[in-house]
Structure formats: C-alpha cells, structure tokens
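Biologist: Thanks for sitting down with me. Could you put the structure up, and then we can go through it together?

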Amino acid sequence: MTHDRKETLVSKVIVVTSGKGGVGKTTSSAAIGAGLAMRGHKTVVIDFDVGLRNLDMIMGCERRVVFDFINVIQGDAKLKQALIKDRRLENLYVLPTSQTRDKDALTQEGVKKVLDELREDFDYIVCDSPAGIERGAHLAMYFADEAVVVTNPEVSSVRDSDRVLGLLNSKTALAEKGDGSAVKAQLLLTRFDQNRSASGEMMSVQDVLEILAIPLLGIIPESTSVLKASNEGTPVSLDEKSPAGKAYMDAVGRLVGEQIEMRVNPGEQRRGFFQRLLGRTA
Amino acid sequence: MQSGKSAAQTVATVKPLQIRGRTFTAIALHLSGRPDRAFFEALEARLNQTPLFFDNAPLVVDLEQAQGLDSAAELIQLTAELRRRKLSVFGVQSGTAAQARAAAEAGLISLPGGRDIALERVSRQGSRPEPVREPAPAPAAKEPANRMVTQPVRSGQTVFADRGDLIVVGSVGSGAEVIAAGNIHIYGRLRGRALAGVHGDASARIFCHALDAELLAIAGLYRTSENLGPDTPRQHVQVYLQGEVLRIESLT
C-alpha cells in the first residue's frame, strides 16, 4: 500500500446510482471507496443523499462530522474542514452530507465547484447517489465520468436501473456536450443468490445483462457479512474473509481496468462463472 | 425537422435536384354545411379522444357537403381555426369551381379526383386516411423523415419518428415508448410500447426480433400484453392491421 498518489493523472468522478432504493448504493460506495484506497488511490466518497445522511455511519465516522457538503457549497466551511479522514485507510476520505437540510440545498454550480476542487487533490471521487431520479440523484450523476449502476436481480430494480441508464445517456454534462462522449456505465449486481437464481426465483445474470446491455463490473453475493459490516461501520471490502468483501475487491480491480475473472463466490468457487453457467445449461 | 439524423439522408447524389413522384397519406375532413360553433365543438371532442394523434397531420377539407362555403375570407378563417388546433390544412377537395377559386385565394390548393374511392373507403366515422395524388402540395420541402436509433431505448424514454419509419438497433426497454408515423423496426427485444402509423397510416407495421411488448398499436388500434394471448409468436414477428384486427405473425 502506497500513500502517494498513484499513476492516475486525471482524477475520475464515479457515481454510484440505481434509481431504486435499498439495493446497496451506500454499501457499495463505501466498499468501492475503501477498495480504491486500499489499492493506493487517494479517494473521497461524497454523500449526495441530503437529509438522509447514511454514508458516514456505514463508514464509521458519524461522530466526527462537524461540517458537511452543504456547508461547503454554501461557503460556511472550507472543504478541508468538512473532509473526514478515515482512521483505517490512509488514502480514504469522506465528505458527509447534512441531515437537517433537504436536496434543494444542492446547486449545480456549488456541486461543480466542490468537485473541481476535489479533482485537484484526489484520484477517485465516488459520489453516493440518493435513490430516485430527482434533484439529488441528478446532481450526483451530472458531473460523473463513470457510473456504477447498482442493481438487484429482480424486475423492478432492473427496470429502474434501465431508467437511470437513460438519464446517464442524456442528462449529464458529458452527454450534453453532444460530441458523442458518454458516461461509462457498468453494472454491479448486488444481493445475488446463486441457488435462488438457479431455481428461477431470482433473475439470472444473463437476464439482467440482456435487459441493461452494459458491461458487468461485478457480482456481489448476498451475505450476512454485509449487514454486520454496516452495523459496525466498516466498509465490507475491508472484511477480507467474506465472499462479499472479496467480490467488491474484484469489482474495484475491474473498475481500475484490470482483467479479473468473474466469480459468484470468490474464494469458494474456483471454476469460472461462465463455465459453470455453461455446465448447468448443457 | 424533429427526426434528426436520418439514414435516408445518406443516399449519395451529386445532382442539384431530383424530381420524383410521391404518394402520401392525408386526412380528409368532411364538412356538412358551413363550419359553425357546433362543428368546432364536435371537432374538439373528436380531437380530445385521441390527443396528439392528429397533431400536425396533413389535412384536406372536403367541400362536397358545404356548397355555400365559397368565399376566400371564410376559408382563411376556417384554415386558421384548424391550424390553431394543430391540423395542417393544405388543400380542399370535391369543391365547385367557385370554391376552387376561393381556395386558391386563401392559399389552399384544390385537389382533383379521389372522391369516388374515398367515399367508399370512408365507411366509419372519423379519420380514415385517403390517398392524395401528386402533384405534392406546396408546404414543406419533402425531407427524408426516417429516424434511426443505434442505442437501446431505455425505460422512461420516448423516441418519435414524426414523418417516417423508426429503426431501433437495440432493444426497447420496459416502460419505454417508440412512436412512428410509419413503420417501426426493432432489431432487438421489444419490452415497452410501440405505436406505428400514429398519423392514421393503417398500412404501417411493427417488426421486432423478440416480442415482449406492453402495448402494440397501429393507426390507433391497440393491444396490450394482457390480451396478446399465450399462443402469440414471440420471436421474429411482424404486427399489422387486417381490417380492424391487429395481427401478430411470425416472420419465419
């Protein structure tokens, strides 16, 4: 683990979004942020869910929040005062949001100013989007370079993700440039249960991919360690023993451009995921 | 033109102009007597039944039953009233010589013929489209009007080909809407809604690789997924109107 900024010259803004609530956006934001930091990238995770402040709890720094994102936007505090440095990981920071304000406190210019300032200092800026497609979610995705679309293998979640993908293609700064540039969106399938999917109770990975037609970033298995980690305020990717933690680390590896084989339960199953799928259908 | 980038524009040519025969469909509005308040009320009511359906549709006014309507002023007023309701009036038909002169004065063209066929075909009330022969009317240069989309149409998106066919290279998601004045071709799975021939073209068809639609409509006649039936073909299908029935048929 290095503490210097790594080879990344241009910092990347990554939005973690889904449309639907409760699919694991905040858990994934924390896990991806921690994973990037563990790999030596200087990373900040921003909570865009104004009024429903959760990220700081998931990341275990809720008692250290003094100033927040909204204070910075409104000029009441400096960015450095609001950034909370993680106690476990050298390269990880959290920019918490306000619990008392609402989403109208976010302005496009304010968000842009904060992101521009963060771009100078950080390799990765992870934006934890609120659920829905209203102001908070819109501003979380607006300045993004990449998107991680968090989806559960069930129809309503997939449909909402499809809606969000449409917005990523039309209502972002990159899309509005009109020169063909687009936010690079990848799918993170969470709460996946191999057995229930095999029995037809849950949608299969192929079903989801066929509908959404975007690259697969990772499959996070349904795991008791996720809830436990949330309650303890530890990003689940720090739990190296749990399948979910390993799956998140694999996803982070793919996010930074590494080729990593897709496994449903990393560590437990050594056979390739697609090989097993083929084995099952044959 | 709303249809944006069009595949048909790529037809290579170096000639400064081309003259081609062209057939298209228009709506004929049959008057019975002079247009009065009752007429406009009835018209409003009809338009409200299918909002957007007639928007900017080319329209000719049939004067056969409106012998008295022969002054340019009246025709100008009628045209203004119809255009205010988003009906694109461009001509009259079945008028007398006096009416034709008045129409010319009012900036409308007088269309010959088509009457006998038209009367037979207009068997039901409303807006059955009628073929109108060339020469084409003056308004709007005929631009290619097909529209091609090369990305999936996502939930919540609407893609509208206002004056031609719509081609989607990709799938149409659940909760998405594809609408065309002409045919709709989907090289992927149709999960959302597809409405072809929305300006009344009953000959429009919908083609798709895989059918899982929420709603299919041609010229206003529709079927929803609930009444498609279990034996409906689902792969490589075409949808077309046969009389008043929306048929779904396998292409293979």
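Here we talk through the contact between the two chains and then the sheets of chain B.

Biologist: Before we start, what kind of model is this, and how many residues of chain A are in contact with chain B?

Modeller: It is a predicted model, so please read every value as computed from it. Counting contact as heavy atoms within 4.5 Å, chain B puts 13 residues into the interface, and chain A contributes 11 residues.

Biologist: How much area do chain A and chain B bury between them?

Modeller: Carbon and sulfur atoms account for 36% of the buried area. The total for chain A and chain B is about 930 Å².

Biologist: Which residue forms a salt bridge with D162(A)?

Modeller: The rule finds 4 salt bridges across this interface. In one of them, the closest N and O atoms are 3.0 Å apart, which is inside the 4 Å cut-off. The partner of D162(A) there is R154(B).

Biologist: Which element gives the largest share of the side of chain A that touches chain B?

Modeller: Two helices of chain A, α7 (155–168) and α10 (205–212), each supply at least two residues of that side. The largest share is 5 residues, and it comes from α7(A).

Biologist: By class, how many charged residues does that side of chain A have?

Modeller: The side of chain A that touches chain B has 5 nonpolar and 2 polar residues. The charged residues there number 4.

Biologist: Let's turn to chain B. Which are the edge strands of its sheet of 6 strands?

Modeller: This sheet is open with mixed pairing, and its order is β6-β8-β10-β12-β15-β16 in chain B. From one strand to the next the twist averages 20°. An edge strand pairs on one side only, and here that applies to β6 (147–149) and β16 (245–250) of chain B.

Biologist: In β16(B), which residue is the bridge partner of V239(B)?

Modeller: Strand β15 (residues 235–242) of chain B pairs with β16(B) in the antiparallel sense, over 6 bridges. Within β16(B), the partner of V239(B) is I248(B).

Biologist: Why is one side of β7 and of β14 in chain B left without a neighbour in the sheet?

Modeller: These strands belong to an open sheet of 5 strands with mixed pairing, in the order β7-β9-β11-β13-β14 of chain B. Its neighbouring strands are turned by 5° against each other on average, direction ignored. One side of β7 and of β14 (221–224) is free because each stands at an edge with a single partner strand.

Biologist: Which residue in β11(B) stands opposite E177(B)?

Modeller: Strand β9 (residues 177–180) of chain B runs parallel to β7 (residues 158–161), joined by 4 bridges, with A161(B) partnered by A180(B). β9(B) is also joined by 3 bridges to the parallel strand β11 (residues 193–196) of chain B. There V178(B) has A194(B) as its bridge partner, and opposite E177(B) stands R193(B).

Methods: Residues are numbered from 1 along each chain as its sequence is written. Chains are lettered from A and ligands numbered from 1 in the order in which they are written. This is a predicted model: local features need pLDDT of at least 70, side-chain atom pairs count only at pLDDT 80 or more; totals for chains, interfaces and linings use all residues. Side-chain values use heavy atoms; hydrogens and water are left out. Buried area is the accessible area (1.4 Å probe) that two parts lose on being put together, summed over both. A salt bridge is a side-chain nitrogen of Lys or Arg within 4 Å of a carboxyl oxygen of Asp or Glu. Ala, Val, Leu, Ile, Met, Phe, Trp, Tyr, Cys and Pro count as nonpolar, Asp, Glu, Lys and Arg as charged, and the others, Gly among them, as polar. Two strands pair if DSSP finds at least two bridges between them. Axes are lines fitted to C-alpha atoms, for helices over the stretch in contact, and angles run from 0 to 180 degrees between N-to-C directions.
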